[in-house]
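Biologist: Thanks for sitting down with me over this one. Could you bring it up so we can go through it together?

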Amino acid sequence: MKRITYIFIAFLLSCSLGGCFRDLGNYDYTAVNEAVIGDKGFETPYNVRIDIDKLQINPEISFTEDSGSSGEYSYEWVAVGQNFYRGQRFTIGTERNLDYTVALSAEEYILYFKVKDQETGIVFSKSVELNVRALYSTGWILAGEDADGKGQADMVSISNDMLFLHNVLKPEGGLELSPVKTVWIDNDEYTSDNRLYAGTEKGSYKFSREEFIGSPGTALEYSFASMPETGGTVMTDNQKVGEVRQVIIVDKRAYIVSTDNGMIGNTISSYDRMTDFDTAGKMICNHTGVQGIRTFIFYDLESRRFCYISGLSVYNMQMLGDGENDTWSWDTRNDHDGGLEFVTAFNSFFSGGQGTAVMKNPSDGQHYIYCITAPRTGTPVKNGKYTVSSDAAGFGEASGYIITTNQGYMIYASGNTLYGYNFRKSPQEVTVLKTFDAPVTCLKADYESPEKNMDCFYAATYRDGEANSGTVYKFYVKDNPDNIEIQQKDIWDEGFLKIHSIIYKAF
């Protein structure tokens, strides 16, 4: 009985479903007229500059059901922002062939070409990358002073083809700059402080990122949440590790800068949040790209010891303690009567991001090299302390120092001479690498540009008394474990100013 019931129900269901649909067999298909856009003009990304370059694209289009292209079609060229203007659409053309003088803002875009069949309303498209750069978007900023001693900057622009630009800073409103000693710009395009910082001998200023415009109203003093009591707001160092933290040294005080609005809060040059101390003008940090590094190392000029900040929440400095078997102390007074004077500090890619501090004993003039690594978080690591050899000619008067990436050699410039110094070897070795026809005014290791992992560095020279005599030399360091060798790759003899600071601008 149960089996008969199941069969009956199945029969009723089949009849019910069959009654909902009758196959009459008289279908009427209409072929869709498809627009087929060829690859021509869409093969490679476009890199263009605002107000200089033109976008000219003549696409190849065929229609599957309209071989004569006699139908009604509309066309649209749309650029969609990917970073600063993420998701925003900008129509730059409505004709089949694009002929457009670039006026978009500097940004990375996806450029879409859209073809619409007016009869059916169906849209077909093809896309290509479009990188729009301003004249000052990408390249090396060369900051210093002109023949009259006024602060200014030149630039090697590589936004498209290489251009050499002069006097790129645009002071307005009566702003006059003293010699620019350090420049800094944020190359993290997602969280960047959208300014170019210029630290001069008599104050510091922010300039607009795209046009380099500054005025008395852009003085760094207006970026402090409360006016500092230290005086001239002279910036000597500015560092940022990835998107994590920007730290600035102004008037011998260290501060953390807000990545949201560029505001500067209370100084962190304190161990107890109440008593401030003087901080040396340069800091050590790690630029190797290890995710989440948050450690910065400073030198306390008053107590003559190294100190640091680390972690997410930072309100003041932390002291460093020595291990029982350490060969040297974070507190230089423990190793030298009265402690050591600070000369400079700089960073490198060597051995996972090792930093270097050059120190001097004021009692006898002896120099020392301290090698220190800033870890991801936690206590800085001692890598070594070295006594500078008497064979290192002009070491104490050097205009710049760098550490090479592959072998950890030191290269320094003194007068007209570039020296290679293997201070880690016993006995130490000093090599003359090059003699220029003018004194070296700036030495810069590259840990910012697309060539940052190629052991590349730059040396700038200038002949005093001869206006616009600045020259920039580009070198690569050969990876040689036995000898220090460099190879000159380029020379930019373009009448630059007297260069004191070099920074790479990525966008």
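Biologist: Over which residues does pLDDT stay under 50?

Modeller: This is a predicted model, where local features need pLDDT of at least 70 and side-chain atom pairs count only at pLDDT 80 or more, while totals for chains, interfaces and linings use all residues. Residues are numbered from 1 along each chain as its sequence is written, and side-chain values use heavy atoms, with hydrogens and water left out. pLDDT is the predictor's confidence in each residue, from 0 to 100, and the protein averages 91. The stretch under 50, with zero contacts (heavy atoms within 4.5 Å) beyond four places in sequence, is residues 1-23.

Biologist: Is threonine 441 buried or exposed?

Modeller: Happy to check! Threonine 441 is found in strand β32; strands are DSSP runs of E, at least two residues, numbered from the N terminus. Buried means under 20% relative accessible area, exposed over 50%, and partly exposed in between, with a 1.4 Å probe and protein chains only. At 14%, threonine 441 is therefore buried.

Biologist: Which backbone oxygen does the side chain of threonine 441 reach?

Modeller: Threonine 441 has contacts outside its sequence neighbourhood of four places, including Ala460, Tyr462 and Ile499. At 2.6 Å, its side chain reaches the backbone oxygen of isoleucine 499.

Biologist: Which strands stand at the edges of the open sheet of four strands?

Modeller: The order is β24-β25-β26-β27, with antiparallel pairing; two strands pair if DSSP finds at least two bridges between them. Two of these strands have a single partner each, so one side of each lacks a neighbour in the sheet: β24 and β27.

Key: Polar contact = N/O pair within 3.5 Å; in protein donor to acceptor, adjacent residues only side chain to side chain.
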